[in-house]
Amino acid sequence: MEEGAVAPFKWVVEGGAVNFDLHGDGTGGQSVSYEKGRAIPEDEGEITARFTGYHGWFWRNRGKQDVTVTLQVGGNYSELKRTY
């Protein structure tokens, strides 16, 4: 995302809840944690990029059952990556 770009989002967990970190990483070592949560079943809002770089989520399932996280995101971003 470019600095100042806005991306509205909503995500939902099916089968449980997750810990999450909504964060950003930029060139030159820039980093930010916008929001963190524990045992959260869903979240929605918007990201406004504080600097140009990668902005997104890290989710962790601490439960014993498998879960599915469904993300809906819009706005101004150039790429959406899924990593494991």
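## A briefing on two sheets and two pockets

Strand 5 supplies the largest share of the lining of the largest pocket, with eight residues. Keep in mind as you read that this is a predicted model. Below, we start with that pocket, move to a second one, and then walk through the two sheets, 3-2-5 and 4-1-6.

**The largest pocket**

- The space in the largest pocket comes to about 1,200 Å³.
- There are 29 lining residues, and those closest to the pocket's centre are Trp57, Trp59, Lys81, Arg82 and Thr83.
- Strand 2, strand 5 (53-60) and strand 6 (68-73) are the elements that each give two or more residues to this lining.
- By residue type, the lining of the largest pocket holds 15 nonpolar, nine polar and five charged residues.
- If you wonder how such spaces are found, rolling a probe the size of a water molecule over the atoms shows where empty space is left.

**The second largest pocket**

- For the second largest pocket, the volume is about 180 Å³.
- Its lining is made of Asn19, Phe20, Asp21, Lys36, Gly37, Arg38, Phe58, Arg60 and Arg62.
- The elements contributing two or more residues here are strand 2, strand 3 and strand 5.
- Sorted by type, the lining of the second largest pocket has two nonpolar, two polar and five charged residues.

**The sheet 3-2-5**

- Three strands make up this open sheet, in the order 3-2-5 and with antiparallel pairing.
- Strand 3 and strand 5 are at the edges with a single partner strand each, so one side of each has no neighbour in the sheet.
- On average, neighbouring strands in this sheet are turned by 10° against each other, with direction ignored.
- As background, strands of a sheet pair through backbone hydrogen bonds, either parallel or antiparallel.
- Seven bridges join strand 2 (residues 18-26) to strand 3 (residues 31-40) in the antiparallel sense.
- Two pairs to look for in the structure are His23 with its bridge partner Ser33 in strand 3, and Asp25 with its bridge partner Ser31 in strand 3.
- Four residues lie between the strands in the hairpin of strand 2 and strand 3, where Gly28 takes a positive phi near 75°.

**A closer look at Asn19**

- Asn19 belongs to strand 2, and Asn19 is also one of the residues lining the second largest pocket.
- Is Asn19 buried or exposed? Asn19 counts as buried because its relative accessible area is 18%, and buried means under 20%.
- A polar atom of the Asn19 side chain lies 3.0 Å from the backbone nitrogen of Ala39.

**The sheet 4-1-6**

- This open sheet also has three strands, here in the order 4-1-6, and the pairing is antiparallel.
- Strand 4 (42-48) and strand 6 are the edge strands; each has a single partner strand, so one side of each is left without a neighbour in the sheet.
- From one strand to the next, the twist averages 20°.
- Strand 1 (residues 6-14) pairs with strand 4 in the antiparallel sense, over seven bridges.
- One pair to find here is Val12 and its bridge partner in strand 4, Glu42.
- When you trace any of these strands, it helps to know that in a regular strand the side chains alternate between the two faces of the sheet.

Definitions and conventions: Residues numbered from 1 in each chain as written. Predicted model: local features only at pLDDT ≥ 70, side-chain atom pairs only at ≥ 80, totals over all residues. Heavy atoms only, no water. Pairing = 2+ DSSP bridges. 1 Å grid on protein atoms, 1.4 Å probe; cavity = no way out; pocket = protein on both sides within 12 Å on 5 of 7 lines; lining within 4 Å. Points joined across faces, edges and corners; volume = space filled by probe spheres on them. Nonpolar A, V, L, I, M, F, W, Y, C, P; charged D, E, K, R; others polar. Axes fitted to C-alpha atoms, helices over the stretch in contact; angles between N-to-C directions. Buried < 20%, exposed > 50% of the residue type's maximum accessible area, 1.4 Å probe, protein only. Polar contact = N/O pair within 3.5 Å; in protein donor to acceptor, adjacent residues only side chain to side chain.
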